[in-house]
Amino acid sequence: MKKQSLTSRTAVVLAALGVITVGAATQAQAASEHTATANTTASAQGELFPELNGRRIKAANSDEIYLVLDGQRHLIPSSVTYDALFSGTDGIRLVLTANNISDGGALTAYAYLARSTTDPTVYLISNGYKREITSAAMDTYGFDWQKVRTTYPEVLAALPTATPLN
């Protein structure tokens, strides 16, 4: 009896975060229906979830895939953009809803990974900015090393710098 209570409580917490694996979705859905009224106001505005940084998420009722950066969800606008950053779909986590995570706007169509011919530092190029990506962040975010483009240093120097991904 105590084990079932703990499992239900865990499902409620996960449902509130919207982070559910496919196997736990059924159990969490029943628990989340119980808390749906309480979460409606919070979900409308969304919250920051920095602990989800680097996750690719997809809501169960949507085809849209998001990347969590700075605790906010960012729409990956197309399969072309997705393929320019990631090697496959294995890292996508199914969630009940993404609406409870603050919306940070979409990545730029054709966002890409780049480094210059004279520097091995890798950057995420999106929304008119370059964001340095550490080696650990490349792995955490699931970015594909094979997708990194090499460009002239002047191209990267011309872009404003945003907060690094680490």
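**Entry 1: charges over rings**

I started with lysine 130, which lies over the face of tyrosine 123, at 5.7 Å from the ring centre. I count a charge as sitting over a ring if NZ of Lys or CZ of Arg is within 6 Å of the ring centre and within 35 degrees of the ring normal. The charged end of arginine 56 also passes: it sits over the ring of phenylalanine 86, 4.3 Å from the centre.

A note to myself on the ground rules. The model is predicted, so local features need pLDDT of at least 70 and side-chain atom pairs count only at pLDDT 80 or more, while totals for chains, interfaces and linings use all residues. Residues are numbered from 1 along each chain as its sequence is written, and side-chain values use heavy atoms, with hydrogens and water left out.

**Entry 2: the aromatic rings**

I stayed with phenylalanine 86 and looked up ring pairs. The structure holds three aromatic pairs. Rings of Phe, Tyr and Trp (its six-membered ring) pair if their centres lie within 6.5 Å; planes under 30 degrees apart count as stacked, over 60 as edge-to-face and the rest as tilted. Tyrosine 82 and phenylalanine 86 make a tilted pair, with 4.9 Å centre to centre and 40° between the planes. Tyrosine 141 and phenylalanine 143 are stacked, because their planes stand at 10° with the ring centres 5.5 Å apart. Ring pairs link Tyr82, Phe86, Tyr141 and Phe143 into a cluster.

Are tyrosine 141 and phenylalanine 143 buried or exposed? Both are buried. I use buried for under 20% relative accessible area, exposed for over 50%, and partly exposed for in between (1.4 Å probe, protein chains only). Tyrosine 82 is buried as well, at a relative accessible area of 6%, and phenylalanine 86 is buried at 1%.

**Entry 3: the whole chain**

I stepped back for the overview. I read five helices and eight strands in the chain, where helices (H or I, at least four residues) and strands (E, at least two) are DSSP runs, numbered from the N terminus. Along the sequence the pattern is α-α-β-β-β-α-β-β-β-β-α-β-α.

Of the 166 residues in the chain, 36% are buried. The chain exposes about 9,400 Å², and carbon and sulfur atoms supply 53% of that area; the areas come from the Shrake-Rupley method with a 1.4 Å probe, and for residues only the protein chains shown count as cover. Contact means heavy atoms within 4.5 Å. Among contacts between residues at least 6 apart in sequence, 64% join residues at least 24 apart.

**Entry 4: sheet E3-E2-E1-E4**

Four strands form this open sheet, in the order E3-E2-E1-E4, with mixed pairing. Two strands pair if DSSP finds at least two bridges between them. Why is one side of E3 and of E4 left without a neighbour in the sheet? Strand E3 (72-75) and strand E4 (92-95) stand at the edges and each has a single partner strand, so one side of each stays free of a neighbour in the sheet. The twist averages 40° from one strand to the next; axes are lines fitted to C-alpha atoms, for helices over the stretch in contact, and angles run from 0 to 180 degrees between N-to-C directions.

I then checked E2 (residues 65-69), which runs antiparallel to E3 and is joined to it by four bridges. Tyrosine 66 stands opposite leucine 75 in E3.

**Entry 5: sheet E7-E6-E5-E8**

The second open sheet I looked up also has mixed pairing, with its four strands in the order E7-E6-E5-E8. Its edge strands are E7 (129-133) and E8, each pairing on one side only. On average, neighbouring strands are turned by 40° against each other, direction ignored.

Strand E5 (residues 112-116) is largely enclosed by the rest of the structure, because four of its five residues are buried. E5 and E6 (residues 122-126) run antiparallel, joined by three bridges, and a hairpin connects them through five residues. Leucine 113 has leucine 124 in E6 as its bridge partner, and alanine 114 stands opposite tyrosine 123, the residue whose face lies under lysine 130. With E8 (residues 149-151), E5 pairs in the parallel sense over three bridges.

**Entry 6: arginine 115**

I closed on arginine 115, which has its place in strand E5. Arginine 115 counts as partly exposed, at 25% relative accessibility. Its bridge partner in E8 is threonine 150.

Which residues does arginine 115 touch, not counting residues up to four places away in sequence? I found Pro120, Thr121, Val122, Val148, Arg149, Thr150, Thr151 and Leu156. Leucine 156 is 41 residues away along the chain, yet the C-alpha atoms of arginine 115 and leucine 156 are separated by 7.8 Å.
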